[in-house]
Amino acid sequence: MSKHLSQIIIEKLLPGSQKVSDLVLTISLSLNVSLQAVYKALRVLNKQEVVTIHNKVVSLSIIWITKEKEKFLFAEYAYKINKDIITRLLKEKSKVVFTFKTIAEQDLFWTHVYTLLAEKTISTRPRYLITPHDFFLYARKETDTFWIEKNIKKDVATRLVITHTTKADVLVTKERKKTLSKSAHFLLHENPLEQKSDTYYNILGDYIFKAVFDRKVNNLLEKIIHNINRLPITKVEQSEISNIIHTKGNFVFSIEKNKTKADAMEKKLKKYFE
């Protein structure tokens with residue numbers, strides 16, 4: 001499919017839905033291409049879930065729109081992070097706190113700033129990810145893939161602790177073991193830090209990342225997670241969890257550099273792995 005043709009279709013649909021026949025005829029005449037070429041391009045876009053077609057009406061997929069929006073949000077965060085914040089975090093005993101409206105916004109920033117600090121942190125100490133649930137594999141594929149590619153290193157152990165393990169978390173762990181091999185180690189059904197199901201931690205050297213989800217939104221998220229019995233999840237589950245990821249609430253994210261505190265947390269964790 002011509003990339004130019006696909007872009008034209010997307011641009012034509014930005015103002016709203018259109019009848020398939022009207023859209024195809026308009027593009028065919030304006031670009032001087034055959035009707036068959038436009039229909040073929042539409043079928044490919046539909047298969048890629050960029051557009052949806054129902055009752056002879058074509059629309060841009062809400063899921064695709066959301067993904068595109070998040071790409072630019074990610075870039076926006078990359079440019080917005082003040083160098084002074086990173087400089088401050090590199091000093092001894094410092095802490096910064098951020099608030100976000102959705103899990104999606106929090107996750108984008110979280111992924112970006114963790115990656116930035118990981119690049120500046122020279123340490124062979126194991127990195128700990130302590131999460132109530134590992135829903136990122138099926139709910140946040142883009143950031144999850146980015147995180148793994150950038151932060152899972154062969155020469156630095158990554159230890160993932162799932163504190164409130166469900167069947168879905170067990171299934172995710174099996175999938176991760178297939179791709180991460182010996183680069184990551186897993187601990188399920190344990191809660192060494194006695195954290196609540198709405199609180200997520202990362203320990204990166206002397207840095208402590210803490211993400212706290214909005215309680216009401218987290219309850220909705222947990223309800224779906226507890227009902228997931230297989231991977232990949234169904235389209236209905238994907239739609240439901242996507243809605244929750246973008247549901248507005250109060251989400252708090254902090255980064256603290258505190259060697260004493262990080263060491264104490266690590267001491268509670270490493271006995272399960274060593």
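The following conversation looks at one sheet and some of the helices in this predicted model.

Student: What makes E4 and E7 the edge strands of the sheet?

Tutor: The open sheet has seven strands in the order E4-E10-E9-E8-E5-E6-E7, with mixed pairing. Strand E4 (94-100) and strand E7 (184-188) each pair on one side only, and they are the edge strands. From one strand to the next, the twist averages 10°.

Student: How do you know that E6 and E7 count as a pair, and in which sense do they run?

Tutor: Two strands pair if at least two bridges are found between them. Strand E6 (residues 158-162) and E7 have five bridges, in the parallel sense, so by that cut-off they are paired. Within this pair, Arg 159 stands opposite His 185 in E7.

Student: Which helix packs on the sheet and touches E6 and E7?

Tutor: That is helix H9 (residues 167-180), whose direction makes about 165° with that of E7.

Student: How do you know that the length of H2 agrees with what a helix should span?

Tutor: At 1.5 Å a residue, the twelve residues of helix H2 (residues 20-31) should span 16 Å, and because the end C-alpha atoms are 16 Å apart, the two values agree.

Student: Why are the buried residues of H2 said to line one face of the helix?

Tutor: Buried means under 20% relative accessible area, and the residues of H2 that are buried are Val 20, Leu 23, Val 24, Ile 27 and Ser 28. Seen down the axis of H2, these buried residues fall within an arc of 125°, so they line one face. In an α-helix there are 3.6 residues a turn, so residues three or four places apart point the same way.

Definitions and conventions
Residues are numbered from 1 along each chain as its sequence is written. This is a predicted model: local features need pLDDT of at least 70, side-chain atom pairs count only at pLDDT 80 or more; totals for chains, interfaces and linings use all residues. Side-chain values use heavy atoms; hydrogens and water are left out. Helices (H or I, at least four residues) and strands (E, at least two) are DSSP runs, numbered from the N terminus. Axes are lines fitted to C-alpha atoms, for helices over the stretch in contact, and angles run from 0 to 180 degrees between N-to-C directions. Contact means heavy atoms within 4.5 Å. The expected span of a helix is 1.5 Å times one less than its number of residues. Buried means under 20% relative accessible area, exposed over 50%, partly exposed in between (1.4 Å probe, protein chains only). The arc is that of the directions from the helix axis to the C-beta atoms.
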